[in-house]
Amino acid sequence: MEKFVFLALLDVLLASLLMFQPIISSSNFTDQDALLHFKSAIEVDPTNTIKGSNWTTEADFCEWIGVVCSNRRQRVTALDFSYMGLRGRLSPYLGNLSFLASLDVRNNSFYGTILTEIGCLRRLKKLILESNQFEGNIPPNLALCQNLEVMSLSINRLTGGIPRKFGAFPKLRQLILSPNDLRGQFPSFLGNISTLQVIGLSTASLTGSIPPTFFNRSLTMVDLTHNDLSGSLPFDLCSRSPNIQWLSLADNKFSGQLPETLTQCKELLMLSLSYNRFQGSIPRDMDSLQKLQALFLDVNNLTGTIPRNIGNMSSLHMLDLGFNYIGGTFRLTGETYGAELDFLSALSNCQSLQTLFTGENPLGGSMPASIKNFSSSLQILSAPNCQIKGHLPKEIGFLKSLTFLRLTDNDLVGNIPSSIGGLESLQRLYLDNNHLEGPIPDEICNMTSLGELLLRQNRISGSIPNCIGNLSSLQKFLVSSNNMTSAIPVSLWSLQQLIFLNLSLNSFNGGLPFDMGKMRAVVSIDLSWNQLIGAIPSSVQELQSLSSLNLSRNLFQGSIPQSISKLKGLDVLDLSYNELSSAIPKSMEGLPFLRSLNLSFNKLSGEIPNGGPFRNFSALSFIGNEALCGNATFQVPPCKLKGNKSMDKRLRMQGFGAVYKGTLVTGSPRVKVISGTDIAVKVLNLHNEGALKSFDAECKVFRMIRHRNLVKVISTCTNVDMRALVLQYVPHEELGEVDLLQQL
């Protein structure tokens, strides 16, 4: 009997559960409806994730992609549509998801204003709308989400400032609003959020100063980069925020001295104060920041010296002190050039240092041999314009991890050490504008990762190493303004990755190779001011990426190759001051982007093309070529006369123009001359003052005078560009004398 009663009760319980199930499902209709409205507002779904077959009423919405529900009540608790490439507006029905705790739609193309209905989501803890196209003001009623812990609205088009009500968030830990054009005064009320750990307000157009009360004990990361903030740093910053790990105030207008108390922020991992107006010296006890990995103090007005104890910062990975007025501390040596840079010796103890920028500071001194201690870590060393003197130490070859070395604009002397070939990882080498001399060592060809090699403006002599072709990754090779000689090695022209080549202002000789076509990536070639000879190879046409070609101030001969017209991307062409002859190829009219042309001071002849880009050139492009003819714009004589009259050569200069000998191609019964008749054509230079008056006077005189010893006027040519007299040609001294006064 008892067993029967138990089974009956069990059946009743199961029936009750089955009856209750539809009631639970119906209570979730609001969530499903909100999601379907969200789906209908989506305009673009490139992966068909939401618009596809997964989001249908036949399937449980808790199984829809991007939707997370609670286990017990099956209510929507999280939506994650990040990185789906969606476009559209957010549906206001999202405000009905009363159990929603997380909304993440980052990295899509949602647009419009941020929904005020989000303020109804009282359980919301995480709101991530970053990397979309939202615009307008930030709704103040977001502050109603009292459980919010993380809010990121970064990388949108928001305006109108930060709502003051945001200072009342009781649980907010992360607030990221950058970059948006928020404008207005710095929101000091955010200092009231005692739980705030991370704040990102970079590139927000904020002004004013930071009050000390902004820094609270919970802050670990502050990013206010790229605003218009001013004032000085609070002296008690570190005592107020002792746990701060990341402080970036770069690219503002902060001023004053760096407080010595800054070294009390013992947890700092990154400190960036670049691009401000800080003055004074670097705090003395920087070695107290033993956890600091990155220090950026560049582009300020700092003075003094680099503290030697900075070398005790064992965790330091990156150090940038560039563009200040910092001097070096020195250790005296017995060398000619005085003292070594002591701070470099000290820094060599930083075994984790990977990047060192000290450029544009008056450091002085020479590079110490102890630089070899960086061998295992240092990857980037940049010290341009630092007044560094002396020789490049041979120990520099120990820096096996170095990928970037810039010592431009210093006072380095002597030879480039052959040990430089030991920099097997180096990709960029800049030693230009020093006083280096001697040859380029062959060992440089061992740096097979080298992409850029700049040795301009030194006193380097000798030839380019024949092994230069081994540098197959080389993209930029600039050795202009040196004392280099010999022929250009053929292997140079096999560098298929080379983009920029400048060998100008040297004394290279010999000719160019017949096959230049392997250098297909090259954009700019400058071989000017050398002693190169021979013809310009027709294979130049294969350099299809070429934009600028300068072969001026050499001894090139022959004609301009017709193939040059196939360089459709050519922008600048300078062949001036050579010995080029023959005609300018008319096919060059087809160079659509040619904006600068200089063919002056050669031995070119024939007609100057006047179509395409030649319409924009002046006489300066062709000056110094005596046998050229063409449009008067180029200040050259015309090549032929209208009416079947052609000119062969200039006889002499006379008065306001030049006299040319020509031959009539066809006769003219009207003036009683036959074809083949020799003529003399006097062409006036209209650029000479008084030329027009002279022409009118000559015409008047010829109308009044008749004499057997005067040449006959056959015709005249008058238009906007030219004034010419076509006369009977009489060989020299075959005319008698005539008394013009008597005839008049």
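Start by selecting Phe-477. Skipping its neighbours within four places in sequence, Phe-477 is in contact with Leu-453, Ile-464, Ile-468, Leu-492, Leu-498, Phe-500, Leu-501, Asn-502 and Leu-503. Show those side chains as sticks and have a look around. Keep in mind as you go that this is a predicted model.

**Out to the core**

Now add Met-151 to your selection. Along with Phe-477, Met-151 touches the most other members of the largest nonpolar core, which has 178 residues. To see which helices and strands feed into this core, colour α2 (29–40), β2 (67–69), β3 (76–80), α3 (237–240) and α4 (342–347): these are the elements that give two or more residues to it. Apart from that core lies another one, of nine residues; select Val-681, Ile-714, Cys-717 and Val-726, which are among them. As a bit of background, nonpolar side chains in soluble globular proteins tend to be buried together.

**Zoom out**

Switch to cartoon view for the whole chain. You're looking at six helices and 51 strands. There are 744 residues, and 48% of them count as buried. Turn on the surface as well: the accessible area is about 34400 Å², with 51% of it belonging to carbon and sulfur atoms.

**A sheet to trace**

Next, pick out an open sheet of six strands. Follow the order β36-β38-β40-β42-β44-β45, where the pairing is parallel. Which strands stand at the edges? They are β36 (509–510) and β45 (627–629); each has a single partner strand, so one side of each is left without a neighbour in the sheet. For a look inside the sheet, select residues 555–559 (β40) and 579–582 (β42), which pair in the parallel sense over three bridges. One spot to click is Gly-558, whose bridge partner in β42 is Leu-580.

**Hunting for disulfides**

Time to show every cysteine. How many disulfides does a search of the whole structure find? There are four. If you count the bonded cysteines along the chain, the pattern is 1-2, 3-4, 5-6, 7-8.

- Go to Cys-62 and Cys-69, whose sulfur atoms are 2.2 Å apart in a disulfide. The torsion about their S-S bond is about -95 degrees, so this disulfide is left-handed. Cys-62 counts as buried at 11% relative accessibility, and Cys-69 is buried too, at 14%.
- Move on to Cys-445 and Cys-467, joined with an S to S distance of 2.0 Å. This link is right-handed, with 75 degrees about the S-S bond. The pair links distant parts of the chain, 22 residues apart: Cys-445 is in the loop between β30 (435–438) and β31 (452–454), and Cys-467 is in the loop between β32 (459–462) and β33 (476–478). Cys-445 has 4% relative accessibility, so it counts as buried.
- Then find Cys-629 and Cys-639, a disulfide with S to S 1.8 Å. The link of Cys-629 and Cys-639 is right-handed, at 105 degrees about the S-S bond. Cys-629 sits in strand β45, while Cys-639 is in the loop between β45 and β46 (640–641), ten residues along. Cys-629 is buried, with a relative accessible area of 14%.

**Last stop**

Finish by selecting Cys-145. Why is there no bond from Cys-145 to Cys-120? Cys-120 holds the closest cysteine sulfur, but that sulfur is 8.3 Å away, too far for a bond. Cys-145 is buried, with a relative accessible area of 0%, and if you click on Cys-386, you'll find a buried residue with a value of 0% there as well.

Technical notes: Residues numbered from 1 in each chain as written. Predicted model: local features only at pLDDT ≥ 70, side-chain atom pairs only at ≥ 80, totals over all residues. Heavy atoms only, no water. Helix = DSSP H or I, 4+ residues; strand = E, 2+ residues; numbered from the N terminus. Buried < 20%, exposed > 50% of the residue type's maximum accessible area, 1.4 Å probe, protein only. Areas by Shrake-Rupley, 256 points an atom, 1.4 Å probe, with all protein chains shown as cover. Core = buried A, V, L, I, M, F, W, Y, C linked by side-chain atoms within 4.5 Å. Contact = heavy atoms within 4.5 Å. Pairing = 2+ DSSP bridges. Disulfide = S-S within 2.5 Å.
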